[in-house]
Amino acid sequence: MMAAEQKKSSAYRRTTVADVARRAGVSAMTVSNVLNAPHRVSDQTVATVQAAIDELGYTPNHAARALSSGRSQVIGLPLYLDDDVVNEQNPGLGGFLHGLLGGLVKAASVGGYGVHVTTPTEGKSEIALYEQLIAARQVDAIIVLETMPNDPRIEFLSTRGFPFVAFGRTGPGQRQCWVDVDNVESMATIGRYLRSTGRTRAAYLGTKSELPWVHQREEGFRREFSSPHSARSFEDLDEVGAYVSAAMDSADHPEVFVADNDAFAVVAIRALQRRGVKVGEDVAVTGFNDFPFASMLDTPLTTARIPLRDIAHCLFTRALDEIGGEPDESGQLVAAPLVLRASA
């Protein structure tokens, strides 16, 4: 009876890190790195260890790991959004946040982490939410979205000495722990392509905002079109449509409308089509972001694709570095590649 019970107990023995290490032919420390800090090992090693994990059916004991390390094994992603931020003026923002969150959850899960998405209650600031997360030890690091120069959130986290990584550049004198889209070079790439097609009269459709990416994208445009046909900023979609339509009344009308976001580009396309203009032939239009609707238009949109999964992976990797106390490095720029479609 005792032998049968021992055999049954052995059959249900939990697979350990040591088991995975033996099957993969690596050390237990390497398995730990693959689970907790995959950026420290080669892609081939990650693949080998992951194959052993899948074969053995190993499931990390996150609770035990959290107890032994004193960490929560969770990354915090506070979202401080107005109720109407995802509306007709921001038709792609929901997809943007979904793509970023999906990429972050996937990257974190490979590293044995979870993602805690939360938002401040009414009347409380985002910094107050940070204080709550830190005091309760709910997260090991915080991801800060849409940073601004001299951002008080960055100052707070730096003063507290709490691990963080920013999506968006931090200001001079602040810690440079950030990942951001290379908006300048990515927009300049659009401009170089347009000039290669012989188009020189370019009108720029910008967003009226103080957000850094707005100015970075216009800087990239002006690198290639130093004397543009026009460059205007707009607060809403109706303004964009009216401007594009009026611009076509001139004999020397723009040959291309370069928008700093896909929504403005779609409005420009519709305004031109209402006037009987063949978009992509008579006049070109480009956007930026590559929201899902960009490829579904009657005239699919040429745009720059923000690689959200790559950015999410970089954010998580930098967060692990911060948690592990790695030496501070400079910020990381991620290019948004050009996607050529029929509109230009």
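**Strand E1 and the surroundings of Trp 213**

In the predicted model, strand E1, which spans residues 74-78, runs parallel to strand E3, formed by residues 141-145, and the two are joined by two bridges. Within this pairing, the residue of E3 that stands opposite Gly 76 is Ile 142. Strand E1 is also joined to strand E2, comprising residues 114-118, and here five bridges connect the two strands, which again run parallel. One of the residues taking part is Pro 78, whose bridge partner in E2 is Thr 118.

The strand E1 is mostly covered, with five of its five residues classed as buried. In a regular strand the side chains alternate between the two faces of the sheet. In E1, Val 74, Gly 76 and Pro 78 point one way, whereas Ile 75 and Leu 77 point the other way, and the residues of both sets are buried.

A second site examined in the model is Trp 213, which is located in helix H10, a segment covering residues 212-224. The relative accessibility of Trp 213 is 23%, and this residue therefore counts as partly exposed, given that the buried class is restricted to values under 20%. When residues up to four places away in sequence are not counted, Trp 213 touches Glu 146, Asn 183, Thr 207 and Asp 260. Of these contacts, the one with Asp 260 links positions that are 47 residues apart in sequence, while the C-alpha atoms of Trp 213 and Asp 260 are 9.2 Å apart in space.

Key:
Residues numbered from 1 in each chain as written. Predicted model: local features only at pLDDT ≥ 70, side-chain atom pairs only at ≥ 80, totals over all residues. Heavy atoms only, no water. Helix = DSSP H or I, 4+ residues; strand = E, 2+ residues; numbered from the N terminus. Buried < 20%, exposed > 50% of the residue type's maximum accessible area, 1.4 Å probe, protein only. Contact = heavy atoms within 4.5 Å. Pairing = 2+ DSSP bridges.
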